[in-house]
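Biologist: Before I rely on any label attached to this chain, I would like to hear how each one was reached. Could you take me through the reasoning, label by label?

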Amino acid sequence: MKRVFVLLAVLFSVGFSENLTKLGAEAYNQGDYQKAAQLWQKACDEENALSCGGLGALYAEGKGVRQDYQKAAQLWQKACDGGEALGCNGLGELYRDGKGVGQDYQKAAQFYQKACDGGIAEGCNDLAFLYANGKGVKEDYQKAVQLWQKACDKGNTFSCAGLGFLYANGEGVKQDYQKAAQLSQKACDSGEALGCNGLGALYAEGKGVRQDYQKAAQFYQKACDGGIAEGCNDLAFLYANGKGVKHDYQKAAQLLQKACDGGVGVSCLDLGFLYQNGKGVRQNFTTAKQHYGKACDLGLQLGCDGYRELNEKGY
């Protein structure tokens, strides 16, 4: 589960009066998850909210105990009710993802708000995402900006990337490409692949920075390596057109395959085109048709058209 173990990081850094909680943190740090679970269970039974939260994280990840999202939800609820903001954040994630509880974006937003109010940057970040997408709350980009700014200031790199995206698109704030570039750079430098992707787009388009396809390619590569399918797609475009990199249809095809597998419809469409025309790959109309079909399934009419055309030709 994304960012669950921020809970455990706090367990290591905060001084506790309860010996069981300290010993549990030490056991976890040494990789003895079963012992950590046993110790935190005892401390949780004694109403130690932070230990309940730590134990909830173990159940959510299946470390030292059998993975059990329902149990994680119960423990995080107990932690949250006990005033432990990290427990509220974990509970928000479960409601957002529908794990161990029925999916409920409104409840997710409520728990993220408690976490954010309690100083948890991840709670502010995830709540901002809900506001930006209108899930469980009314879509509100200004609110998303405020929350992502708060989380970014606390060192949450995903929030810096999200905020950069809003500045680049002028959503909730006045459009400012230079600000977008600064935020995306900050996120990328901290290892957030989404920030690298945003920075790549700015360099490719010359917005907020001087246009530089070589730098765009470098940042798209980082994004692609970091699991951002759109980064793979955009890098493929540069290879297909020889911008910032040597013209290479074979490399473009490999990147498009990766992006298509990641659910980027236009990548499936372009890959179908390469297979249909034998560019960078061996010409194969059946494979081209398959990729067009996937693009169609992902909502691209051109994919449907390409599929129908090849189907009518007997492929």
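What follows is a conversation about the labels given to this chain and the values behind them.

Modeller: Please keep in mind throughout that this is a predicted model.

Biologist: How do you know how far the predictor trusts the chain, and where is the confidence low?

Modeller: The average pLDDT of the chain is 93, and 94% of the residues score at least 70, on a scale where pLDDT is the predictor's confidence in each residue, from 0 to 100. Over residues 1-5, however, pLDDT stays under 50, although the model has 23 contacts beyond four places in sequence for them. Residues 11-17 also stay under 50, and for that stretch the model has 14 such contacts beyond four places in sequence.

Biologist: What makes up the secondary structure of the chain, helices or strands?

Modeller: The chain has 18 helices and zero strands. Its C-alpha trace spans about 70 × 45 × 40 Å along the principal axes, and buried residues make up 47% of the 315 residues. Of the contacts with a separation of 6 or more, 43% are between residues 24 or more positions apart. The chain exposes about 15,100 Å², of which carbon and sulfur atoms supply 43%.

Biologist: How do you know that H3 and H4 pack against each other, and which residues meet there?

Modeller: Helix H3, residues 33-45, and helix H4, residues 49-61, pack at an angle of about 140°, and their axes are 8 Å apart. Contact means heavy atoms within 4.5 Å, and on the H3 side the residues that meet H4 are Tyr-33, Ala-36, Ala-37, Trp-40, Gln-41, Ala-43 and Cys-44, while H4 contributes Ser-51, Cys-52, Gly-54, Leu-55 and Leu-58. By class, this contact of H3 with H4 has nine nonpolar, three polar and no charged residues. The crossing of the two helices is left-handed.

Biologist: Why is Glu-47 called exposed?

Modeller: Glu-47 lies in the loop between H3 and H4, and its relative accessibility is 56%. The label exposed applies over 50%, so Glu-47 at 56% counts as exposed. Glu-47 also has a positive phi of about 70°, although it is not a glycine.

Biologist: Why is Trp-76 called buried?

Modeller: Trp-76 lies in helix H5, residues 69-81, and has 1% relative accessibility. Buried means under 20% relative accessible area, and therefore Trp-76, at 1%, counts as buried. The C-alpha atoms of Trp-76 and Gly-56 are separated by 5.6 Å, with their positions 20 residues apart along the chain counted as their separation.

Biologist: What makes Ala-181 buried?

Modeller: Ala-181 has a relative accessible area of 6%, and because buried means under 20%, Ala-181 is buried. Its place is in helix H11, residues 177-189. Leaving aside neighbours within four places in sequence, Ala-181 is in contact with Leu-199, Leu-202, Gly-208 and Val-209. The C-alpha atoms of Ala-181 and Gly-164, which are 17 residues apart along the chain, are separated by 6.8 Å.

Biologist: Is Cys-224, in helix H13, buried or exposed, and what value decides the label?

Modeller: Cys-224 lies in helix H13, residues 213-225, and since its relative accessibility of 2% falls under 20%, Cys-224 counts as buried. Not counting residues up to four places away in sequence, Cys-224 touches Gly-231, Cys-232, Leu-255 and Lys-258. Cys-224 and Leu-235 are 11 residues apart along the chain, and their C-alpha atoms are separated by 8.1 Å.

Biologist: Which residues is Phe-158 in contact with, leaving aside its neighbours within four places in sequence?

Modeller: Phe-158, which is found in helix H10, residues 157-169, is in contact with Asn-125, Trp-148, Glu-192 and Leu-194 once those neighbours are left aside. Phe-158 and Cys-188 are 30 residues apart in sequence and 9.3 Å apart in space, C-alpha to C-alpha.

Definitions and conventions:
Residues numbered from 1 in each chain as written. Predicted model: local features only at pLDDT ≥ 70, side-chain atom pairs only at ≥ 80, totals over all residues. Heavy atoms only, no water. Axes fitted to C-alpha atoms, helices over the stretch in contact; angles between N-to-C directions. Helix = DSSP H or I, 4+ residues; strand = E, 2+ residues; numbered from the N terminus. Left-handed = near helix turned anticlockwise from the far one by under 90°. Nonpolar A, V, L, I, M, F, W, Y, C, P; charged D, E, K, R; others polar. Buried < 20%, exposed > 50% of the residue type's maximum accessible area, 1.4 Å probe, protein only. Areas by Shrake-Rupley, 256 points an atom, 1.4 Å probe, with all protein chains shown as cover.
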